[in-house]
Amino acid sequence: MPQDTIHAHAVVDPNAVYSLGSSPGESQRLKRQADELALESETLLDRVRLRPGDSAIDLGCGPRGIIELLHDRVSPRGRVVGLDSDPAHVAMASELVASAGLDDVEVVQADARCTALPAGSFDLVHARTLLATVPQPMQVLAEMVRLTRPGGWVASLEPDAEHSIYYPHHKAFDRLRELFVVAFPRNGADPLIGRRLGQLYRLAGLEDVGLEARAAVYPPGHSRRTIAADLLRAMRPQLLALGAADEAELDSLDAAIRKHLDDPDLVVMPNLMFLAWGRKPSVR
Ligand SMILES: C[S@@+](CC[C@H](N)C(=O)[O-])C[C@H]1O[C@@H](n2cnc3c(N)ncnc32)[C@H](O)[C@@H]1O
């Protein structure tokens, strides 16, 4: 079960409890995700005040995250930090930053629950699809608030997976969903966190909290059309370890789902995405 209390810093290795694990396939999916969710992320950034010269951090940035979007908004003279606990993602994000010549961007490896960065050092602290994938999102949110300067902003883009549409119905998606609800929350991650963000933000002491939801329908050929099958692939080692399915079943399920996804009549709306933002109270 998700835990919402702000207690002592966790000591568990963040990479050991992260719901999607670490694999080259998943890292490539996350690289694509930067383009797939760019519209929603731009909308979220429009809701907060971020200007040239400001400082911003992307917690759990993965191989790309919104590092480039933040760079565009705070340039010139701004500062951006990308932070991730997975060394493979830190290396990929660092390579991206170097090859794009983003010299005001720094990428660091750290635990988003306890970054050891100075308190109050950012105008915006952001995380995308991080709170949904960690066992104790309130620990991350508390750290987000700590890192924000008084009067600065915290912002998130997170899924809520209860409502998905795969129409016309195919039974392969029922089995996929069954396996997803076994594997994804195995360490306490909450795939329905989107709807809880406003409540969690206020609990964390933020004010002027805003919440919106977006739903996207992905046509054949769109890289996000396969997200459910891709996430199942990412969690295959965990599904096998849990004994929830065997290799043969996962192979045939993967093939059935991908074949069905090729059908141009299939409508695919994988989940809702929630945008949340809130301000850290100014010192009075
Ligand atoms: C679902 S991915 C999202 C990546 C990126 N934010 C995006 O939207 O494209 C979550 C990322 O958070 C990282 N992560 C998970 N737990 C973490 C923690 N405790 N501290 C820092 N990063 C963490 C993972 O390594 C992964 O790169």
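## A guided tour, starting at the ligand

Start by selecting Asp111 together with the ligand: a nitrogen atom of the ligand sits 3.0 Å from an N or O atom in the Asp111 side chain. Keep in mind as you look around that this is a predicted model.

**Stop 1: around the ligand.** Stay where you are and add His89 to your selection. An N or O atom of the His89 side chain is 2.7 Å from an oxygen atom of the ligand. Now add Arg128, where the side chain places an N or O atom 2.6 Å from a ligand oxygen. How much of the ligand does the protein bury? On its own, the ligand would expose 590 Å², and the protein buries 99% of that.

Next, show the whole shell. It has 19 residues, and the closest are Gly60, Asp84, His89, Ala112 and Arg128. Try colouring the shell by class: you should find eight nonpolar, seven polar and four charged residues.

**Stop 2: the sheet.** Switch to a cartoon view and look for the strands. Strands of a sheet pair through backbone hydrogen bonds, in either a parallel or an antiparallel way. Here, seven strands make an open sheet with mixed pairing, and you can trace them in the order E3-E2-E1-E4-E5-E9-E7. Which strands lie at the edges? They are E3 (105-109) and E7 (207-215), each of which pairs on one side only. On average, neighbouring strands of the sheet are turned by 15 degrees against each other, direction ignored.

Zoom in on E1 (residues 55-59) and E4 (residues 122-128), which pair in the parallel sense over four bridges. Select Leu59 and you will find it opposite Ala127 in E4.

**Stop 3: helices on the sheet.** Select helix H6, residues 137-147: this helix packs on the sheet and touches E1, E4 and E5 (148-160). The direction of H6 makes about 150 degrees with that of E5. Then select helix H5, residues 87-100, which lies across E2 (79-84) and E3. H5 runs at about 170 degrees to E3.

**Stop 4: details in the loops.** Go to the loop between helix H4 (67-74) and E2, where you will find Pro76. A cis peptide bond joins Ser75 to Pro76, with omega about -5 degrees. Arg77 is in the loop between H4 and E2 as well. Its phi is near 70 degrees, a positive value in a residue other than glycine.

For your last selection, pick Tyr167 and Pro168, joined by a cis peptide bond with omega about 5 degrees. Pro168 lies in the loop between strand E6 (165-167) and helix H7 (171-183).

Conventions:
Residues numbered from 1 in each chain as written. Predicted model: local features only at pLDDT ≥ 70, side-chain atom pairs only at ≥ 80, totals over all residues. Heavy atoms only, no water. Near = heavy atom within 4 Å. Polar contact = N/O pair within 3.5 Å; in protein donor to acceptor, adjacent residues only side chain to side chain. Areas by Shrake-Rupley, 256 points an atom, 1.4 Å probe, with all protein chains shown as cover. Nonpolar A, V, L, I, M, F, W, Y, C, P; charged D, E, K, R; others polar. Pairing = 2+ DSSP bridges. Helix = DSSP H or I, 4+ residues; strand = E, 2+ residues; numbered from the N terminus. Axes fitted to C-alpha atoms, helices over the stretch in contact; angles between N-to-C directions. Contact = heavy atoms within 4.5 Å.
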